[in-house]
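Hi,

Here is the structure I said I would pass on. Have a look at it first, and then read my notes below.

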Amino acid sequence: MKMIAVDLDGTLLNYEGRISPENAAAIRDAQSQGILVTIATGRAYYDVQQICRQADILTPVIGANGATMHDQSGSSLHSVPMPRDKAMEVLEWLEAQEYYYEVMTDRAIYSPQNGHELMTIEMDRVLSSRTDLSLQTLLHAAEKQYAQHGILRIPSYQNVPLDAEIYNILAFSFMEPKLEAGRSRFRQDAELTLVVSADHNFEVEHPEASKGQALARMAELHGIPLSEVMAVGDSYNDLSMLKIAGRSVAMGNAHQQIKDACGEVTLSNQENGVAHAIRQVLESSLQV
């Protein structure tokens with residue numbers, strides 16, 4: 001393998017939202033052997049920067065589910081912003097339906113000032129009707145959204161700066177019927193790509209933006225055939241890159257559909273599954 005693309009949430013990040021020392025060391029070892037390692041995530045580039053800095057690793061970044069690409073030094077390689085009018089159409093509907101949302105741009109991640117209130121109301125409703133869920137589980141999902149770097153609160157989507165490039169819009173809800181209504185609303189829209197990156201969300205962006213398309217572009221920039229690329233992921237927004245990579249690895253904690261689509265399954269994100277997969281690549285290269 002000459003290139004390794006690694007998802008973040010549920011993959012490289014553990015349950016606490018951190019890159020473990022074992023995973024970070026494996027990435028550095030792969031880089032020392034000339035393998036190009038890139039992060040491929042739904043998160044914003046500036047958020048990924050902070051996460052990687054804490055783990056003392058430096059890689060190119062495919063961000064916003066493939067809508068942005070940055071090299072290792074932080075220079076922009078490519079971006080695919082949404083048309084402003086389409087983004088406003090999506091946000092108008094989400095706000096009217098009282099979804100918590102995040103608008104990922106080249107400047108910041110904008111979310112509504114009443115976001116905490118919206119999530120709290122939904123938590124109360126869900127916990128009163130479902131005994132199989134705990135408050136801790138719901139709080140962890142909510143805190144994962146709040147913990148991102150670069151979030152700015154705004155009164156309404158109409159306050160997103162006019163000249164900001166919009167790469168991705170994420171909608172979040174704890175209520176299953178509401179979540180499915182939103183997914184159904186945008187799934188068939190030919191002017192959008194819809195992906196699901198976690199149980200409580202859906203994300204929309206430009207139809208030419210996906211992790212798979214960005215991975216293919218990144219590999220081409222470095223003269224690496226896709227047959228020499230390994231991709232590691234755990235969720236549905238990873239499928240586009242897992243399907244085109246020469247070697248596809250699902251996390252042990254991945255959805256079964258993701259495991260079925262991959263050639264291999266590694267350990268879970270709590271068991272340093274990324275490090276395990278990378279070590280296998282490095283060991284096999286030594287045997288050649």
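**What I found**

Let's start with one pair of residues: histidine 70 has serine 76, in strand E5, as its bridge partner. Those two belong to a hairpin-sized piece of the picture that is easy to pick out on screen, so zoom in there before going wider. Strand E4, residues 68–70, pairs with E5 in the antiparallel sense, over 3 bridges. Keep in mind throughout that this is a predicted model.

Zooming out, E4 and E5 sit in an open sheet of 8 strands, ordered E5-E4-E3-E2-E1-E12-E13-E14, and the pairing in it is mixed. At the edges are strand E5 (76–79) and strand E14 (264–265), each of which pairs on one side only.

**The chain overall**

The chain has 11 helices and 14 strands. Its radius of gyration is 19 Å, close to the 19 Å that the globule rule gives for 288 residues, so the chain is as compact as a globular protein of that length. If you want a feel for the dimensions, the C-alpha trace spans about 60 × 45 × 35 Å along its principal axes. Of the 288 residues, 54% count as buried. As for contacts with a separation of 6 or more, 64% of them come from residues 24 or more positions apart.

**The pockets**

Now for the open spaces. The largest pocket holds about 890 Å³ of space. It has 32 lining residues, and Asp9, Gly10, Tyr15, His140 and Lys144 are the ones nearest its centre. Which elements supply at least two residues each to this lining? They are helix H1 (8–12), helix H3 (45–55) and H6, with H6 giving the largest share, 6 residues. Sorted by class, the lining of this pocket comes to 6 nonpolar, 17 polar and 9 charged residues.

The second largest pocket has about 170 Å³ of space. It is lined by 13 residues, and Leu194, Val195, Tyr236, Asn237 and Ser240 are the closest to its centre. Strand E10 (193–195) and helix H9 (239–244) each give two or more residues to that lining, and E10 gives the most, with 3. By class, the second largest pocket is lined by 6 nonpolar, 5 polar and 2 charged residues.

**The cavity**

There is also closed-off space to look at. How many cavities of 30 Å³ or more are there? The count comes to 1, and the volume of this largest cavity is about 270 Å³. Its lining is made of 23 residues, and those nearest the centre are Asp9, Gly42, Arg43, Ser197 and Glu203. Asp9 is worth clicking on, as it is named among the residues nearest the centre of the largest pocket and also among those nearest the centre of the largest cavity.

Four elements each put at least two residues into the cavity lining: strand E6 (100–105), helix H6 (135–146), strand E9 (166–172) and strand E11 (201–205). The largest share there, 3 residues, is from E6. H6 turns up in both places, then, as a contributor to the cavity lining and to the lining of the largest pocket. By class, the cavity lining has 5 nonpolar, 9 polar and 9 charged residues.

That's everything from my side. Shout if anything is unclear.

Cheers

Terms used: Residues are numbered from 1 along each chain as its sequence is written. This is a predicted model: local features need pLDDT of at least 70, side-chain atom pairs count only at pLDDT 80 or more; totals for chains, interfaces and linings use all residues. Side-chain values use heavy atoms; hydrogens and water are left out. Two strands pair if DSSP finds at least two bridges between them. On a 1 Å grid over the protein atoms alone, a cavity is a set of points where a 1.4 Å probe fits but cannot get out, and a pocket is an open set with protein on both sides within 12 Å along at least five of seven lines; lining residues have an atom within 4 Å of a point. Grid points are joined across faces, edges and corners, and a volume is the space filled by probe spheres set on the points. Ala, Val, Leu, Ile, Met, Phe, Trp, Tyr, Cys and Pro count as nonpolar, Asp, Glu, Lys and Arg as charged, and the others, Gly among them, as polar. The radius of gyration is taken over C-alpha atoms; the globule rule is 2.2 Å times the number of residues to the power 0.38. Buried means under 20% relative accessible area, exposed over 50%, partly exposed in between (1.4 Å probe, protein chains only). Contact means heavy atoms within 4.5 Å.
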